[in-house]
Each structure stands twice: as C-alpha cells, then as structure tokens.
Amino acid sequence: MYYLTKNLASKISLLPMIIISLTVFVGCIIYSFIYSLTGSKLIPALNYVGFQQYERLFKSRKWDVAVENIFIYGFVFTIGCLVIGFLLAVLIDQKIRGESLFRTIFLYPYAMSFVVTGLVWKWVLNPTFGLEHSMHLWGFDWFKLDWLVNRELAIYAVCIAAVWQGAGFVMVLMLAGLRGIDEDIWKSLSIEGIPKWRSYLFVILPMIRPMVVTSIVLIAAGVVKVYDLILALTSGGPGYATTTPAMYVMENFFSRANLGQAFAASIIMFISVVCILAPWAYYEFYFRNKEAK
Amino acid sequence: MNTNNFQPNGPRPKHLTIGRIGMYCFIFMCALFFLMPLYVMIVTSLKDMDEIRSGNLLYIPKVLSFYAWPKAWSEACTGFVCEGLKPGLINSIKITVPSVIVSVSLGAINGYALAFWRFKGAYFFFGLCLFGAFIPYQVMVYPLLKIESAIGIYSSLPGIILVHTIFGMPILTLIFRNFYASLPIDLFKAARIDGGNFIKIFFYVIIPMSTPITIVAVILQVTGIWNDFLLGLVFAGRDNQPMTVQLNNIVQVDYGVAEYNVDMAATILTSLVPLFVYFISGRWFVRGIAAGAIKG
C-alpha cells in the first residue's frame, strides 16, 4: 500500500501516459497482430487462419511493387538528403554573406505539409504545362520530363519532392554538428596545409558521425511511413507504380475492406521499423552508457 | 613589449578568390532550386487559365488575375460541397488550438513528473511511450479507430484532438523532461524545503521557467498538427476535415476542368500558417525540429 501512495501525485499525473502507452502503443500492435492471423474482411472477426494473410501478402504483386518502391525511395531519399544536406551545411559554414537568408531558404520547405509539397511538385512536373513545356518554349525540344506519367520514373519524382522538403532538415542537424567543431582543429588542419574539401571529408565528417547517424535513423524511420506525399503527388500511379507499404495498408483498411491483409501488412511495416531502430537504440542507450562508464 | 610595433606586412589576404565565387554561384543555384516551387506556386496562382496553357511556367504573369484567390477561398469544390477552403481553415483552427493546448500541457506535466518525481517503473513507461513515437501511424490507425468508436468519439472534434494528443505525447514528454532535467536540482530542493508540493512547485516554480521550451513545443505542435493529413482524414470526420484534406480534395477532383491557378492559390493558403510560424519564429523553429526530430 505504501508503494502505491508514496509519490501519489506524480503517479496520478503520469496515469494518462501509462494508459496511452499500454493501450495505444502496445495494445494496438497486439491487436493488429492477433487480427493479422484472421480472415477478417469488412469487420474484424476472429476466424483464425494462421499465417495465410502473410503468405498472400508476400505473393501479392502489388505488395512487391510497394516494397521495391520503398527501397528505391528509401535509398535515393536518404542518400539525397544526406549529400545535399551535408553540402549545404558545409557551404553555409564558410562564413558566407547572408547566411541566415540562405538557411531560411533551404529550410522553408520543411515547414510545409507533405500534401502541399506533393501538389506543388505535381504541378511543376506536369507533363503538359510544367517545366517540360517551359523548356520547349525556350527551344530545348529534346527536353523530356514525363516522370509523373512514366511507370519507371514516377518514384524518382517522389524522391525529388521528398529531398526538396527534407534536405534542409539534414542541413540544420549537420550544421549544428559543424558548429560544434573546435576552432583549434581547423587551425591545425590549415597549418598542415590540408585542402578544405579533404578536411571536411576525412576529418570533420568522421567527427560529426553522431549527427550523421542521427540523421540517417530519423530519415529512415520516416521513409517507412511515406503516405501523404505520394497520395498528393501521384496517388500511387500511374497504375500502382508508386504504391508503398503505407498506401497498401490504408487501401486495404479503408477502400478494399480487407482488414486481415491490412493488419498483416502493417505488422510487416512495424517489424521493419524495429529492424532499423533496434541497432541504433542499442548503440545510443546501451553501448554509449557503457562507454561512458 | 609594445604590441603596436607589429604592423601587418605581406599581401592582403584575398577575400574573393575563384573558389569563393564558384561557391557563391553554387549556393545561389541551390537557393534557386529551393525557391522555384514557391515562386511557381505564387505566379501560377496569379495567372488566368489561358496564360497557364499557352505561357511559360516560369514567367511572371503578363496580366495579373486575381480570379483564383477568392475562388480557392470560398467557391472551389471539395467533393460535393463547393465552399472552398474557408471551412477547412476554420476546422484546422478548431483542431489545432485545443490539440496544441492539451498536448503541450500534458507533455509539460509528464516531463515534470518524470524529471523531479520519479517513482519505480516510471522510466519503463516513459521508454514505452518513446517507442510509440517510432511506430508507423498505419499500424495504430485502425485499432485506435476501434477504441474511439467504442468510447463514442470517433469522427468528431474530441476524437481528432485525442489522437493528436496521443501522437504528440512521446516527443513532448521527451523535450519537457530533458529541459526540466537540465534545470538546477537545488531549485527544486529549495522549493521542497519551503513546503511546496507536487502541484504548488509546478505552478509557482516550474511553469514560470518553462517559457523557452513551451515556445519550442508550441511551434512543433502547431506546424505538425496543421500539416497533418492522415489523422485528419481518418479521425476528424466529414464535418471537421482539416485544410490539408480539403486541399487534396480540391486538387484531385475527377470531374470538370482542372484549374491550376485555383489549385495553387489553395495550396498557398494551406501553407500560410506554417510558413508564417516558420518565418517569424526563425531560430526557435530550428530548435523545435532538432528537438522534435523523432516525431512520427
């Protein structure tokens, strides 16, 4: 009894957090997992069918495309954001004029909604009136930018829009890392006569590794969830060429009334996020603490 | 030793080398790339449809046309009703304001309890809560919908506010806890000796010191909730659809002629609030996203 009443106010105030953590964060996963083993259609039903939903999922052509897309998107988006973000951070770090103006310009897309980003790029990449049309008017007749209607290239249009939105964010993280570098290190590097680009690539980049790792993890965790952006930009099309796991889940939940399938797919999504995060979390919270000791 | 004797000698260091010029060129190109969509949005919204069809996407309008703006604001069709974005704006405000207040207060109380009034097991639940920040929404959407319909608030304003509170909680708890943990503990001890209890210390000592972190939290939540699409689509219900959902409906109409100028005007209207927050808050926004980086 004493344990319960001791520090009672704190326990009461944390009650919402505890309840939500247990019911929503843990409960929903258990619920999803249980129903992913059933043949639920329009309403959740407990008719157990084993792992059939998962078998069907892995046989589904659409899911294949979705997984392939998420790999392409994940790879291009992560690399694009890291490279451009790091490059911009380095440029801004050169004591340039109008630093805050440039920083504002590079970061503003991050303030916008994914829907807005998707719709803007949909217009810019519009094959009839968009950039392609402008280039034709300027006399570059060979110029072709039909990505949005091209099955092979549509996913790269999504990547461009996503990098446009996310690169500034990586820039901010990297810039924070660069600003944390001791001035003496720069002095000694310049005394040694090492060119700037080599200093950045081989000395500074390894030094800001924690920032790089954090950026990668945060970007990667966001990759799995990509939904609004694609919905606005391509609606998963042409055909289902740009569909993603998140879209597959939402479609099966809300328009195809195929709950069991949606639950199975969402559980796979969840597992993949855990696979991305577990090594990082282990490093951050366990390995580091050990090192500190 | 008189330091004034040291005169600078040798050639003046050059400030504008070829490399620096190249760098400026490059950074300008990047800036143009980043600004281009915003520019295109603005000029497109000020053109009429004839000019959009025949003219160049990147040119400024020959004739300024303000046709698109009032239409996007109050006439464009979102599905069956043609009332423009105005109801969406009101809905977004109705969703964002209470959600921000509730979620930030809850985050502050959680952070306070975790930082100063730890009890056995509190950090276990805190860990669970943080773990929640990384779960894709799609995994939780349907079960949560079931929970909400069981307690009868699905598809209503309280329903969507609850959802935003739930999904904002991990990150807000984290940033408040970290902030409070960085405060000097002696302050808390002094307040304890003076007889402060959980509630008194929170209101008289902690809240007055929480302004900076509250600003960060509010910026984070306002932009996050305003920009949300998925949760608004699923949980808000037909009558409370936020602006982002209505915007998508306006643009993705299946019937009639697509009016790109109206679409772009609507797009700008939707992003005005977060852009405004971003431009006036500046550094705070940066702190917010650095802190809120893990938000789903």
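## A tour from D228(A) outwards

Begin by selecting D228(A), which, leaving aside residues up to four places away in sequence, touches F114(A), V115(A) and G118(A) in its own chain and F229(B) and L230(B) in chain B. Bear in mind throughout that this is a predicted model. D228(A) belongs to helix α12 of chain A, spanning residues 228-233, and it counts as buried because 23 C-beta neighbours fall inside 10 Å, where 20 or more are needed. Next, display the C-alpha atoms of D228(A) and V115(A): the two residues are 113 apart in sequence, yet their C-alpha atoms are 5.7 Å apart in space.

From V115(A), extend the selection to helix α6 of chain A, residues 114-124, which is mostly covered, with 11 of its 11 residues buried. Among these buried residues are F114(A), V115(A) and G118(A), and also K122(A), W121(A) and W123(A). To see what covers them, show α7 (131-137), α8 (154-179) and α12 of chain A, and then add α1, α12 (243-251) and α13 (260-281) of chain B, since the cover includes elements from both chains.

Now colour the two chains separately and look at where they meet: 68 residues from chain B and 70 residues from chain A take part in the contact. On the chain B side, helix α1 (residues 18-45) gives the largest share, 11 residues, and that side as a whole comprises 51 nonpolar, 15 polar and 2 charged residues.

Stay with α1(B) and bring α13(B) back into view; these helices pack at an angle of about 125 degrees, with their axes 8 Å apart, which means that α1(B) is oblique to α13(B). Their crossing is left-handed. To pick out the contact itself, select M41(B), I42(B), T44(B) and S45(B) on α1(B), followed by Y260(B), N261(B), M264(B), A265(B), T267(B) and I268(B) on α13(B). The residues of this contact divide into 6 nonpolar, 4 polar and no charged.

Finally, colour chain B by its domain assignment, which gives domain 1 (18-65) and domain 2 (86-291). The centres of these two domains of chain B, taken over C-alpha atoms, are separated by 34 Å, and 8 residues of domain 1 are in contact with 7 residues of domain 2. On the domain 1 side, α1 and α2 (49-54) of chain B each supply at least two of the touching residues, with α1(B) giving the largest share, 4 residues. By class, this side of domain 1 of chain B has 4 nonpolar, 2 polar and 2 charged residues.

Definitions and conventions
Residues are numbered from 1 along each chain as its sequence is written. Chains are lettered from A and ligands numbered from 1 in the order in which they are written. This is a predicted model: local features need pLDDT of at least 70, side-chain atom pairs count only at pLDDT 80 or more; totals for chains, interfaces and linings use all residues. Ala, Val, Leu, Ile, Met, Phe, Trp, Tyr, Cys and Pro count as nonpolar, Asp, Glu, Lys and Arg as charged, and the others, Gly among them, as polar. A residue is buried if 20 or more other C-beta atoms lie within 10 Å of its own, exposed if 12 or fewer, and partly exposed in between; C-beta atoms are placed from the backbone. Axes are lines fitted to C-alpha atoms, for helices over the stretch in contact, and angles run from 0 to 180 degrees between N-to-C directions. Angles under 35 degrees count as roughly parallel, over 145 as roughly antiparallel, 65 to 115 as roughly perpendicular and the rest as oblique. A crossing is left-handed if the near helix is turned anticlockwise from the far one by less than a right angle, and right-handed if clockwise. Domain bounds come from an automatic or database domain assignment.
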